[in-house]
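Here are my comments on the model, set out as numbered points. Please read them with the sequence and the coordinates open beside you.

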Amino acid sequence: MLKSLFYIEAMIVIGTAIFYMASTPAIRRDVGILPGLVFGAMAAIGFLSPNLIVAYLAVGLIPLIFGRTKLKVGIVVATALFALPSLPTNMTIGSMWLFSWTMQTTVAVGGLIAMLVAPGRVAKAPPWADATMIIVILVLIFVDARGGAPTGYLRGFTTYFLQFAVLVYLITRCARTPVEWRALLAALAAIGCILAVLVLYEARANWPLYSPLYYRYGFPVENVVKFRGGLMRAYGPLEEATALGAVLVMSFCAALAGRRAFRSNLAYIGIVALIAIGTLAPQSRGGMIGIAVAFVVSSFYRRGIGS
């Protein structure tokens with residue numbers, strides 16, 4: 001356990017240092033090492049907590065401890081989503097199952113409290129952003145309930161409200177100005193740097209660093225590690241390599257759009273390249289296609305069809 005935690009913390013430090021050295025002074029001030037602190041703190045909580053309840057409580061305090069402003073609450077929440085596996089627990093009343101409580105649910109509740117107590121006004125979002133989220137969540141609820149009893153819809157609503165709606169609300173309402181949005185994009189790029197370093201090491205060492213957490217808290221571990229072509233499909237703090245590929249694509253897009261967050265063209269290319277190379281570790285074909293599509297769309301937007 002401690003050996004895995006040591007290597008995780010070392011990879012987090014390396015990824016954070018790479019991002020910090022590549023950033024401009026303004027991004028160092030607004031973002032700095034905050035994503036690395038959140039990753040490191042949550043890893044320590046996961047590996048050192050005596051039981052899952054204590055881990056949930058400690059993770060719920062992370063947004064309150066590090067989220068001194070509404071922007072930092074959004075950065076902390078966005079980072080914490082990908083810093084630990086979900087480690088779900090079924091919430092029940094007697095023998096009746098209600099919904100699953102996960103690390104991400106805890107982050108949502110802690111982030112909502114932190115957003116309420118942080119100084120400043122909550123940012124506004126365009127109506128289409130909320131409408132899109134509502135449509136997606138309604139579709140998920142109806143698919144999940146499958147035309148069953150009304151309690152099925154209530155379970156679906158509770159699950160998706162806590163695990164999707166609250167998190168989307170927190171992230172879309174944390175930034176009010178273009179400068180703050182640029183800082184949020186830079187934070188997403190920092191998340192990509194840390195994850196890329198983690199999973200590239202995992203793939204090279206054939207060592208799933210976060211797998212001891214499943215043993216520690218009594219979760220089944222069958223078929224957690226997958227191989228393709230004789231190489232391990234790294235998944236880092238996420239439960240599945242394909243999901244990790246999707247997260248790295250989002251970070252890649254953020255880094256690609258955040259050119260002014262980096263101190264030079266060389267630093268910008270280095271960060272973008274590191275995240276792109278990181279998508280090779282999970283061997284997710286969807287992630288690789290996503291990287292290619294993002295690059296083509298960005299080239300078309302910036303330089304027209306000739307690019």
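1. Burial. Of the 307 residues in the chain, 49% are buried. These values, like those that follow, were computed on a predicted model, and they should be read in that light.

2. Overall dimensions. The radius of gyration of the chain is 19 Å, which agrees with the value near 19 Å that a compact globule of 307 residues would have. Taken along the principal axes, the box filled by the C-alpha atoms is roughly 60 × 45 × 40 Å.

3. Secondary structure and contacts. The chain contains 13 helices and four strands. When contacts between residues at least 6 apart in sequence are considered, 74% of them join residues at least 24 apart.

4. Surface. The chain exposes an accessible surface of about 14900 Å², and carbon and sulfur atoms account for 71% of that area.

5. Charge. Positive side chains number 24 and negative ones 9, with the centres of the two sets lying 10 Å apart. Side chains of opposite charge can pair when their charged atoms come close, yet the structure holds one salt bridge.

6. The salt bridge. This pairing joins Arg29 to Asp30, with 3.5 Å between the closest N and O atoms. Are the two partners buried or exposed? Arg29 is exposed, its relative accessible area being 58%, whereas Asp30, at 19%, is buried. The label for Asp30 deserves some care, because buried means under 20% relative accessible area and the value for this residue is 19%.

How values were computed: Residues numbered from 1 in each chain as written. Predicted model: local features only at pLDDT ≥ 70, side-chain atom pairs only at ≥ 80, totals over all residues. Heavy atoms only, no water. Salt bridge = Lys/Arg side-chain N within 4 Å of Asp/Glu carboxyl O. Buried < 20%, exposed > 50% of the residue type's maximum accessible area, 1.4 Å probe, protein only. Helix = DSSP H or I, 4+ residues; strand = E, 2+ residues; numbered from the N terminus. Rg over C-alpha atoms; globule rule 2.2 N^0.38 Å. Contact = heavy atoms within 4.5 Å. Areas by Shrake-Rupley, 256 points an atom, 1.4 Å probe, with all protein chains shown as cover. Lys, Arg positive; Asp, Glu negative; His and termini not counted. Charge placed at Lys NZ, Arg CZ, Asp CG, Glu CD.
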